[in-house]
Amino acid sequence: MATAATASIFPVPSPSPDAGADGNKLVGGSVKLQGLKSKHASSGGLQVKAHAQAPPKINGSTVESLKHDDDLPSPPPRTFINQLPDWSMLLAAITTIFLAAEKQWMMLDWKPRRSDMLIDPFGIGRIVQDGLVFRQNFSIRSYEIGADRTASIETVMNHLQETALNHVKTAGLLGDGFGSTPEMCKKNLIWVVTRMQVVVDRYPTWGDVVQVDTWVSASGKNGMRRDWLLRDCKTGEILTRASSVWVMMNKLTRRLSKIPEEVRAEIASYFVNSAPILEEDNRKLSKLDDNTADYIRTGLSPRWNDLVVNQHVNNVKYIGWILESAPQPILESHELSAMTLEYRRECGRDSVLQSLTAVSAADVGNLAHRGQLECKHLLRLEDGAEIVRGRTEWRPKPVSNFDIVNQVPAESI
């Protein structure tokens, strides 16, 4: 392309008559263009005789050279006009160059780099605040919202869990296990959650982008606390706060374990010395039974996809099972505003569970018109072994146009 552009600006001198066979080939390569030029010259009444020669003689007689229909006159001198490049090819080449340059320009990241920000190599978030906090954004998808057109509590909890795992991954501590460090994998250790506390100020809606920050701290001698803060990316409004406590369990014996020193050395530098994001709710979670529960749902069992790689049920699935026994009037008129869960036992793929709920209200039959509500929950196996104890708080749903259901405007005639 550069050669063609240069030739279009600076005329190339024509080869000398003594150029030989190679020169003849070069001239012959422009047959069409030279033919058009010669025809134009002859139409103007000019006769080109510069290269005229006498007919050759054979045995003393003159014999004219054989003429062919495709014989062309000698090429004219090479000038600016007959050296113009193929403009369509040149335009295509220039367009290709500009498109490639634009693509490279858009791929460049011009955002300022700060010393307290490390872009994670997996493209799933970044570590901020001196490497102690992991931050990740999520866009609320259409399949993550419910009948209220807001994200469900399970969607929020899945986002929290995802950031926790990506934090470990980005920090370079992920081994072969599900959130386990290399030393934990060597010792067959995994993390299990024992307590979860969540407060939801507002649920995001479809199309919202939320920002989740998470960090870890020590909890006692053999535990780890993980906190989360979920904000609206556009406004910075705090939507959800959550705090949890985790301990180690041997995945072979299924017994709790102390944190080995080798593991502590791996994770200690990532601990933040800060108070929990939520004030701990120290109220005792009482046990429910068939006599104290107002609602009971039986026959709950995990599907294969409910299991994580550690071969027990995902802790977010327990929340869905707990709400299976929540009364329908509460689900229709109220939204979950706070939740405290105590995980007492893991659940396997062959387990069959029961969900029990008790409502702390005198008039259970008129729940839809009550204000703040509180429920107690129990998730247990059929043999009575406790899986999760819980307490939930509910507030009336905000009034909006979305509350009008099954009303279709009449078609104008």
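**Notebook: a ring cluster, a helix and three single residues**

I began with the aromatic side chains, and I noted that ring pairs link Tyr318, Trp321 and Tyr343 into a cluster. I keep in mind throughout that this is a predicted model.

**Entry 1, the rings.** I looked up how many aromatic pairs there are, and the count comes to 2. In one of them Tyr318 pairs with Trp321, with 5.9 Å from centre to centre and 45 degrees between the planes, which is a tilted arrangement. I then checked where these two residues sit, and both belong to helix α8, which covers residues 315–322, where they are 3 residues apart, or about one turn of the helix. Tyr318 and Trp321 are both buried.

Next I looked at Tyr318 with Tyr343, whose ring centres are 5.7 Å apart and whose planes stand at 45 degrees, so I wrote this pair down as tilted too; the tilted class takes in what is neither under 30 degrees nor over 60. This pair links distant parts of the chain, since Tyr318 is in helix α8 while Tyr343 is in strand β12 (residues 334–343), 25 residues apart. I found Tyr343 to be buried, as Tyr318 is.

**Entry 2, helix α8.** I asked myself how many residues of α8 are buried. I found that 7 of the 8 are, so the helix is largely enclosed by the rest of the structure. The buried ones are Asn315, Val316, Tyr318, Ile319, Gly320, Trp321 and Ile322. At the start of α8 I also saw that a side-chain oxygen of Asn314 comes within 3.0 Å of the backbone nitrogen of Val316.

**Entry 3, α8 against α5.** I reminded myself that two packed helices are described by the angle between their axes and the distance between the axes. For α5 and α8, the axes come within 9 Å and cross at roughly 165 degrees. Angles over 145 degrees count as roughly antiparallel, and therefore I recorded α5 and α8 as roughly antiparallel to each other. Their crossing is right-handed. On the α5 side I listed Ile153, Glu154, Met157, Asn158 and Gln161, which meet Asn315, Val316, Ile319 and Gly320 in α8.

**Entry 4, Thr181.** I went on to Thr181, which lies in the loop between α5 (153–170) and α6 (182–186). Is Thr181 buried or exposed? Its relative accessibility is 2%, and because buried means under 20%, I put Thr181 down as buried. The side chain of Thr181 makes a polar contact of 2.6 Å with the side chain of Glu266. Setting aside neighbours within four places in sequence, I found Thr181 in contact with Leu173, Gly175, Val263, Glu266 and Ile267.

**Entry 5, Thr240.** I found Thr240 in strand β9, which runs over residues 238–250. Thr240 counts as buried, at 2% relative accessibility. I compared its place in sequence and in space with that of Trp228, and the two are 12 residues apart in sequence and 8.0 Å apart from C-alpha to C-alpha. Not counting residues up to four places away in sequence, Thr240 touches several others, among them Val156, Val198, Arg202 and Trp228.

**Entry 6, Arg389.** Last, I looked up Arg389, which is in strand β15 (residues 386–396). Arg389 is buried, with a relative accessible area of 10%. I noted a polar contact of 2.4 Å between the side chains of Arg389 and Glu386. Leaving aside neighbours within four places in sequence, the contacts of Arg389 include Leu285, Lys287, Thr340, Glu342 and His377.

Notes. Residues are numbered from 1 along each chain as its sequence is written. This is a predicted model: local features need pLDDT of at least 70, side-chain atom pairs count only at pLDDT 80 or more; totals for chains, interfaces and linings use all residues. Side-chain values use heavy atoms; hydrogens and water are left out. Buried means under 20% relative accessible area, exposed over 50%, partly exposed in between (1.4 Å probe, protein chains only). A polar contact is a pair of N or O atoms within 3.5 Å; within protein, one must be able to donate a hydrogen and the other to accept it, and residues adjacent in sequence count only if both atoms are side-chain atoms. Contact means heavy atoms within 4.5 Å. Rings of Phe, Tyr and Trp (its six-membered ring) pair if their centres lie within 6.5 Å; planes under 30 degrees apart count as stacked, over 60 as edge-to-face and the rest as tilted. Axes are lines fitted to C-alpha atoms, for helices over the stretch in contact, and angles run from 0 to 180 degrees between N-to-C directions. Angles under 35 degrees count as roughly parallel, over 145 as roughly antiparallel, 65 to 115 as roughly perpendicular and the rest as oblique. A crossing is left-handed if the near helix is turned anticlockwise from the far one by less than a right angle, and right-handed if clockwise.
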